[in-house]
Amino acid sequence: IESIRYITGNQKSVNIKGKKSEMIAYKEVLNASKRLYESLQRKDVRLAEIEKLVEKKNRAARRFKKVTGSAWPL
């Protein structure tokens with residue numbers, strides 16, 4: 001729930017604990033998800049920008065799964 005609140009701008013930060021490699025992977029995919037969400041809220045966003053952000057989020061999600069063994073749910 002904290003992740004969703006952060007991505008949607010309803011919370012400024014997320015506090016979690018874990019292995020350093022997992023926290024780095026989490027931070028990357030969380031921020032990529034937030035950037036994508038924010039861009040999708042804009043009316044002037046271009047499709048090319050969205051495609052680039054989707055690819056970045058997907059790469060981060062793959063890395064998150066590789067590091068943690070869990071799929072990124074968002």
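**Close-up views of a three-helix model**

Among contacts in the protein between residues at least 6 apart in sequence, 52% join residues at least 24 apart. The model shown here is predicted. The legends below start with the whole chain and then turn to single sites.

**View 1. The whole protein holds three helices and zero strands.** Read from the N terminus, the order of elements is α-α-α. Along the principal axes, the C-alpha atoms fill a box of roughly 40 × 25 × 15 Å. The radius of gyration is 13 Å, which agrees with the value near 11 Å for a compact globule of 74 residues. Buried residues account for 28% of the 74 residues. The protein exposes about 5500 Å², and carbon and sulfur atoms supply 52% of that area.

**View 2. The largest nonpolar core has 12 residues in all.** Its aromatic members include Tyr6, Tyr26, Phe64 and Trp72. Ile7, Val14, Val29 and Leu30 are also among the members. So are Ala25, Ala32, Ala60 and Ala61. Which elements give two or more residues to this core? They are helix 1, helix 2 and helix 3. Helix 2 gives the most, with five residues.

**View 3. Tyr26, Phe64 and Trp72 form one aromatic cluster.** The structure holds two aromatic pairs. Tyr26 and Trp72 make an edge-to-face pair, with 5.8 Å from centre to centre and 65° between the planes. This pair links distant parts of the chain. Tyr26 belongs to helix 2 (residues 20-41), while Trp72 lies in the segment after helix 3 (47-68). The two residues are 46 residues apart. Are Tyr26 and Trp72 buried or exposed? Both Tyr26 and Trp72 are buried. Phe64 and Trp72 also form an edge-to-face pair, at 5.4 Å centre to centre and 80° between the planes. Phe64 is buried, as is Trp72.

**View 4. Trp72 has contacts along much of its surroundings, listed here without residues up to four places away in sequence.** Trp72 touches Tyr26 and Phe64, its two partners in the aromatic cluster. Trp72 also touches Ile7, Val29, Leu30 and Ala61. Ser3, Ser33 and Lys57 are further contacts of Trp72.

**View 5. Ser3 sits in helix 1 (residues 2-7).** Is Ser3 buried or exposed? Ser3 is buried, because its relative accessible area of 15% falls under the 20% limit. Which residues does Ser3 touch, leaving out those up to four places away in sequence? They are Val14, Tyr26, Leu30, Trp72 and Leu74. Of these contacts, Val14, Tyr26, Leu30 and Trp72 are members of the largest nonpolar core.

**View 6. Lys34 lies over the face of Tyr6.** The distance to the ring centre is 4.8 Å. Tyr6 is also one of the residues in the largest nonpolar core.

**View 7. Glu2 is found in helix 1.** Glu2 counts as partly exposed, because its relative accessibility is 36%, between the limits of 20% and 50%. Glu2 is in contact with Gln11, Ser13, Val14 and Asn15, leaving aside neighbours within four places in sequence. Val14 is also touched by Ser3. How far is Glu2 from Asp44, C-alpha to C-alpha? The two C-alpha atoms are separated by 28 Å. Along the chain, Glu2 and Asp44 are 42 residues apart.

**View 8. Ser21 belongs to helix 2.** Ser21 is partly exposed, with a relative accessible area of 38%. Which residues is Ser21 in contact with, apart from neighbours within four places in sequence? They are Arg63 and Val67. Ser21 and Lys43 are 36 Å apart in space, C-alpha to C-alpha. In sequence, Ser21 and Lys43 are 22 residues apart.

Note on methods: Residues are numbered from 1 along each chain as its sequence is written. This is a predicted model: local features need pLDDT of at least 70, side-chain atom pairs count only at pLDDT 80 or more; totals for chains, interfaces and linings use all residues. Side-chain values use heavy atoms; hydrogens and water are left out. Helices (H or I, at least four residues) and strands (E, at least two) are DSSP runs, numbered from the N terminus. Buried means under 20% relative accessible area, exposed over 50%, partly exposed in between (1.4 Å probe, protein chains only). Contact means heavy atoms within 4.5 Å. Rings of Phe, Tyr and Trp (its six-membered ring) pair if their centres lie within 6.5 Å; planes under 30 degrees apart count as stacked, over 60 as edge-to-face and the rest as tilted. A charge sits over a ring if NZ of Lys or CZ of Arg is within 6 Å of the ring centre and within 35 degrees of the ring normal. The radius of gyration is taken over C-alpha atoms; the globule rule is 2.2 Å times the number of residues to the power 0.38. Accessible areas come from the Shrake-Rupley method with a 1.4 Å probe; for residues, only the protein chains shown count as cover. A nonpolar core is a set of buried Ala, Val, Leu, Ile, Met, Phe, Trp, Tyr and Cys residues joined through side-chain atoms within 4.5 Å.
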